[in-house]
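Q: I should like to learn how to read a structure, one feature at a time. May we begin with a single residue and its surroundings?

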Amino acid sequence: VLGTEFNVNTRGESKEETVLVEGSVSVSLKDGGKEYKLKPSQMASYDLQTGEVAIREVQSELYVAWQDGAFVFDNVSLEYFLVRLSEWYDFNIMYVNDTLRDKRISCYVLKEENLASLLKAIEKLVDVKLELIEGTLLIK
């Protein structure tokens with residue numbers, strides 16, 4: 001770390017990500033491979049299967065909003081969105097139709113938002129039916 005504000009996400013099953021907001025961050029592989037120096041608003045994405053690193057420009061505020069008690073999503077899949085929410089609200093996810101996973105959503109959600117109200121809003125945004133039954137969110 002050569003800077004002051006960044007975010008690291010290691011929760012993914014297939015990749016790990018580092019996003020730089022300001023300052024400077026250097027990313028390198030454990031095996032002593034190539035070193036990557038990020039500039040503000042860049043993301044380094046490490047693919048756990050292939051070992052490849054990709055650098056791209058991003059809106060860094062989307063990745064650090066959680067520090068201010070919010071989730072910010074910009075044109076992500078419904079599947080990605082619901083997995084992130086399930087980590088906060090502690091529910092399982094089940095799809096009636098797998099094609100629903102690919103629906104797209106953009107939104108700003110406060111972490112203190114009531115889950116029932118949030119689910120109603122999502123239904124309108126994405127045109128799906130959501131039903132929470134005993135800790136499992138059913139998407140149809």
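A: Leaving aside neighbours within four places in sequence, Ser45 is in contact (heavy atoms within 4.5 Å) with Lys15, Glu16, Glu17, Glu52, Val53 and Ala54. This is a predicted model, in which local features need pLDDT of at least 70 and side-chain atom pairs count only at pLDDT 80 or more, while totals for chains, interfaces and linings use all residues. Residues are numbered from 1 along each chain as its sequence is written, and side-chain values use heavy atoms, with hydrogens and water left out.

Q: Is Ser45 buried or exposed?

A: Buried means under 20% relative accessible area, exposed over 50%, and partly exposed in between, with a 1.4 Å probe and protein chains only. Ser45 has a relative accessible area of 13%, so this residue is buried. Ser45 lies in strand S5 (residues 42–47); helices (H or I, at least four residues) and strands (E, at least two) are DSSP runs, numbered from the N terminus. By contrast, Gln59, with 42%, is partly exposed, and is found in the loop between strand S6 (53–57) and helix H1 (61–64).

Q: How should one read a helix, and which residues of H3 are buried?

A: An α-helix has 3.6 residues a turn, so residues three or four places apart point the same way. In H3 (residues 115–126), the buried residues are Leu115, Leu118, Leu119, Ile122, Glu123 and Val126. Seen down the axis of H3, they fall within an arc of 145° (taken from the directions from the helix axis to the C-beta atoms), so they line one face of the helix. On the other side of H3, Lys120 and Lys124 are exposed.

Q: Against which elements do the buried residues of H3 pack?

A: They pack against helix H2 (78–89) and strands S9 (104–110), S10 (130–133) and S11 (136–139).

Q: What is a nonpolar core, and how many residues has the largest nonpolar core here?

A: A nonpolar core is a set of buried Ala, Val, Leu, Ile, Met, Phe, Trp, Tyr and Cys residues joined through side-chain atoms within 4.5 Å. The largest one has 23 residues, and those with the most contacts inside it are Leu78, Phe81, Leu82, Leu85, Ile122 and Ile139. Strand S7 (70–77), H2, S9, H3 and S11 each supply at least two residues of this core. Apart from it lies another core, of six residues, among them Leu20, Val25, Val27 and Leu38.

Methods. The expected span of a helix is 1.5 Å times one less than its number of residues.
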